[in-house]
Amino acid sequence: MSTVQTWRSLLDAGNVDHDEVVTHARVRDVELPYGAGTMALITLDNGFDHTKPNTFGPRGLLELDDALDQVAARDDLAAVGVTGKPFIFAVGADLKGVQSLEDREQAKLVARLGHDVFRRLGELNVPSFAFVNGAAMGGGVEVALHCAYRTISSGVPALALPECFLGLVPGWGGTYLLPRLIGAANALKVIIENPLNQNKMLRGPQAYDLGIADVMFEPADFLEESLRWAAHVLTGEVTVERAEVDTGKAWDDAVAQARWFAEGKLHGAAPAPLRALDLVAAAKDRTRDEGFAAEDDALADLIMSPELRSGLYAFDLVQKRAKRPAGAPDRSLARPVTKVGVVGAGRMASQLALLFARRLNVPVVLTDLDQERLDKGVGYVHGEVDKLLGRGRISADDASRLKGLVTGSLTKDAFADADFVIEAVFEEMGVKQKVFAEVEAVVSPECVLATNTSSLSVTEMASKLKHPERVVGFHFFNPVAVLPLLEIIRGERTDDAALATAFATGKALKKSCVLVKDAPAFVVNRILLRLQAEILKTVEEGTPIEVVERSTNPLGLPMSPFVLMGLVGPAIALHVGETLHAAFPDRFPVSAGLAKLVAAGKPGVYRPDFTFDPEAVALFEGGTSPSTEEQVLARALDGLAEEIKIMLDEGVVAAPEDIDLCLILGAGWPFHLGGITPYLDRTGIAEKVTGARFHS
Amino acid sequence: MPRTARDVVFVDGVRTPFGKAGPKGLYAETRADDLVVRVIRELRRRNPSLPADRVDEVAIAATTQTGDQGLTIGRSAAVLAGLPKSVPGFAIDRMCAGAMTAVTTVAGGIAFGAYDVAIAGGVEHMGRHPMGEGVDPNPRFLAEKLVDPSALVMGSTAENLHDRYPHITRERADAYALRSQQKVAAAYEAGKIQPDLVPMAIRSQEKGYGLATRDEPPRPETTLEGLAGLKTPFRPHGHVTAGNAAGLNDGATGCIVAAEDVAAELGLTAKMRLVDYAFAGVEPEVMGVGPVPATEKLLARNSITMDDIGLIEINEAFAVQVLAFLDHFKIADDDARVNPWGGAIALGHPLASSGVRLMMQLARQFAERPDVRFGLTTMCVGMGMGGTVLWENPNFEGGK
């Protein structure tokens, strides 16, 4: 029985429980110009608008197969075309359906069905054309790759093979067809590099430049001009010329280069990219059948892999939970923010001022007691605005608007009509309380007072105010313009209106907000510091730093422990560590080595050229019972599991999903770990340390 | 400052295939502005020697100027078509003569020296914008008997015309309509219509994307018997039927108009030279007779007679209205000079777009007929008007 028949009987028997949003394949005859004959044009359309893009599940694939049956049975056609619905071509496999697969056999059936249907496009007895009119990802790109010719709209906002980002390979023909079309080097950019670089997407012109499409047309009459071009190809008026693909050394070099890149990023922690690399490496010598069969196997293995499950979990978090924060009050309670005050004019304050001005487009006033610092702060913002202008990111009008919005004041009187004032002054409770009291003397009773503290208690900071209910924590991650996470902290007396205003403001700043209880160091820092504490303990026991640095490689974290410490800065790491030590002395001992490092004024254990600074390393030496890499990692993970369990018990966040979201968005922790709790579950660490899994 | 009027030429014209209005029509799920955009882009493609920034104006007509025909459609379509933002545009309305008025208006501007090159055209998506959508006639029209109550119902004005000219019978109207269908079928067969059609992508949720490549309204299978059996929806036992009138249609047209010297400088073709134009008003309840006074005015002003006219493209809103014109000028119903490739009864009449269709067809015929010096495009207009444009054939070989 063919895969197609197997699926038909599975579906007929009701053996597929997942509710699929079916992407229909509508076939319609098109009379091509210049007497080129009739094209059967297949439109992929799931019947919804662009906010619900076309995806491929079994039913949709079978509909496409039906369409191709219909087309293949005719002898009056000159060509077959495929296009999408407005703004969307197709964005790949139906991930919900993938998630519901239960065993490898089923997974392999999905892999084979995609191949068996898509490959028909390249094996009809008339030429096939893909008209990539809009967003195309994964299986959508592969549909196009199976066609003989491709046109692309210059308006395509995103084209990508994001499979490796999620934990899959582009295995419906992608790893075989793409390198053979555009060469291994370009193909690996799309298959490996972009997915591992925060899942970067190509725009239409970039995809065209890589050779993914034969010709590009403007969106205004993309389909008409694509059909005209197709007619010209069919009549011989246009000859499609493609660069010849080098299947010799260049191919192998490209694979080696990409392998080096993936290793550097992941240290083998995620299987998908390596599997994709193997497929591309071998694709140059394989027949189509061999290539597709190898893809089937890879997909079947990966679909059942825990890394993919974690990847899909993480994807769902950033796509859905990040947009609807758990525990946020009703957004109708939010008050409008028409002017913002920033207390302080240091680097952080200036960055915040720029962000607020750019995203909210409201006046932002910086205050400082020192005219020079104030000038410097405002000057920084204006300088950054000029940089944006110079890079063509904003227009000259936008630049003058932004500069006009950001001003400085020596007194807090300028805050009188502000709706939201955020402080970014020295991390000391007394200083912050004083600042808030001064601000309260000027502003309306409803004005939200936000603190960017990374470690101090929001409740305590509010405690001496007349209106403590207006105070929220608004914890950004550095660099604030880049990292998407915003921890929003509810103090004990914070009211819903202030909190709703904070969430609305965070959303307007284009940040993903997570609601956090007022607890020491909140979420990301507490977890990173617990990890650091465990690791520093092993260092002080005598484990060499280079061993420690390798110990977290199996996780594929963005940075090793001491590289991260260098980025954060030892002084800040120590300061937050001390806060946590004060709260939880047993679990967060203060590292003597770190204290010495700070006292020595060292920026870390690395020198700028990433070699170890022997003087700095020496500060940590003296222990006599070194651990192995495995032991270090085991202790670190045990510590994480314990800390997360305690945080959940304390109610720091609503659910383990929020912990993971914070780690993914605030610390760049990878999808294949699902943040961390799915990983702790699947490795048994959660159960061993806490007695239960984080997820049932 | 002394000023010399400049000669104005019709450079090139294209249109979308016309569709039938309504939920089953070609363009049921296609926007009106997209039709215009496609026309503008095709004009640019067909005339690559015209730098986009030399377009001084985009005048697009629509009778109903709301929704996808709103937002001052000449400007919005220009932006959507990718013309430089420096190119201005506007919307224009004279109901059925919208596109004709767009051409005469920019032509006036060119002759005056205000423009060198302009794009003019029209659109009507009667499926999305049925005739009379959103109108609010002033009650004084009826209270003071300024117009007859039938004046706003175009079919009724056609019945009124039969009353005024009792010798124009239903049989004559049907026979005229049949010939229009036959002439269009023959013109299609001979490939006369297709060169100026720009294929238009059409989408249907149910059927997917398609491509409109031919006019949808023509009914080459029409017979006299079939026509005779049609109902007369505007009057019991009346004369006007769906068969001897233009239908309700969707479509867009556009053309490039330029100063003759600028066209030469830019290497643009000059398919017709504009000689003069005239608009005239008549009683709104017999609006179909409008082309008669407009044409009379034009001929008189240019000291020529109908005998000097070699080709006439008259819009066929209703057969009776064409016949009234022919009778007035003593032209036979089947005179070969009149609509040689058929007319709106077969091709359709998306109101404000039709004026340029007449010009496109006349321009093609001029190219084939160097023996003809002058041609007319003429049409009747709702609210009681007529418009006529006199064109000279640059291919005319004189007495040779």
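Good morning. I begin in chain B, where strands E6 and E7 form a hairpin with three residues between them. Please keep in mind that this is a predicted model. Within that hairpin, E6(B) covers residues 200-204 and E7(B) covers residues 208-212. The two strands pair in the antiparallel sense, over five bridges. One of the pairs sets B:Ser204 opposite B:Gly208, its bridge partner in E7(B). Is E6(B) enclosed or open to its surroundings? Four of its five residues are buried, so strand E6 of chain B is largely enclosed by the rest of the structure.

Let me turn to chain A as a whole. DSSP runs give 30 helices and 17 strands in this chain. Along the principal axes, its C-alpha atoms fill a box of roughly 85 × 60 × 50 Å. For 696 residues, a compact globule would have a radius of gyration near 26 Å; the value for chain A is 28 Å, which agrees. Of those 696 residues, 53% are buried. As to contacts in chain A between residues at least 6 apart in sequence, 74% join residues at least 24 apart.

Chain A is divided into three domains: domain 1 spans 3-304, domain 2 spans 331-517 and domain 3 spans 524-651. The C-alpha centres of domains 1 and 3 of chain A are 45 Å apart. Where these two domains touch, each gives four residues to the contact. On the domain 1 side, three of these residues are nonpolar, one is polar and none is charged.

Next, strand E7 of chain A, residues 149-153. Five of its five residues are buried, so this strand is largely enclosed by the rest of the structure. In a regular strand, side chains alternate between the two faces of the sheet. In E7(A), A:Tyr149, A:Thr151 and A:Ser153 point one way, while A:Arg150 and A:Ile152 point the other way. The buried set therefore includes an arginine, A:Arg150.

Which strands pair with E7(A)? Strand E5(A), residues 128-132, runs parallel to E7(A) and is joined to it by four bridges. There, A:Val132 has A:Ile152 as its bridge partner. Strand E9(A), residues 215-217, also runs parallel to E7(A), through three bridges. In that pairing, A:Thr151 is matched with A:Val215.

A further sheet in chain A is open and has three strands, in the order E4-E6-E8, with parallel pairing. Why do E4(A) and E8(A) each have a side without a neighbour in the sheet? Strand E4 (88-90) and strand E8 (159-160) stand at the edges with a single partner strand each, so one side of each is left without a neighbour. Helix H5(A), residues 139-146, packs on this sheet and touches E4, E6 and E8 of chain A. The direction of H5(A) makes about 90° with that of E6(A). Between E4(A) and E6(A), residues 135-137, there are two bridges, and A:Ala90 stands opposite A:Ala136.

I close with the interface between the chains. Here 17 residues of chain A are in contact with 16 residues of chain B. On the chain A side, strand E1 (24-32), strand E2 (37-45) and helix H10 (222-235) each supply at least two residues. The largest share, five residues, comes from E1(A). By class, the chain A side holds seven nonpolar, three polar and seven charged residues. Thank you for your attention.

Notes:
Residues are numbered from 1 along each chain as its sequence is written. Chains are lettered from A and ligands numbered from 1 in the order in which they are written. This is a predicted model: local features need pLDDT of at least 70, side-chain atom pairs count only at pLDDT 80 or more; totals for chains, interfaces and linings use all residues. Two strands pair if DSSP finds at least two bridges between them. Two residues are in contact if their C-beta atoms, placed from the backbone, lie within 7 Å. Axes are lines fitted to C-alpha atoms, for helices over the stretch in contact, and angles run from 0 to 180 degrees between N-to-C directions. Ala, Val, Leu, Ile, Met, Phe, Trp, Tyr, Cys and Pro count as nonpolar, Asp, Glu, Lys and Arg as charged, and the others, Gly among them, as polar. Domain bounds come from an automatic or database domain assignment. A residue is buried if 20 or more other C-beta atoms lie within 10 Å of its own, exposed if 12 or fewer, and partly exposed in between; C-beta atoms are placed from the backbone. The radius of gyration is taken over C-alpha atoms; the globule rule is 2.2 Å times the number of residues to the power 0.38.
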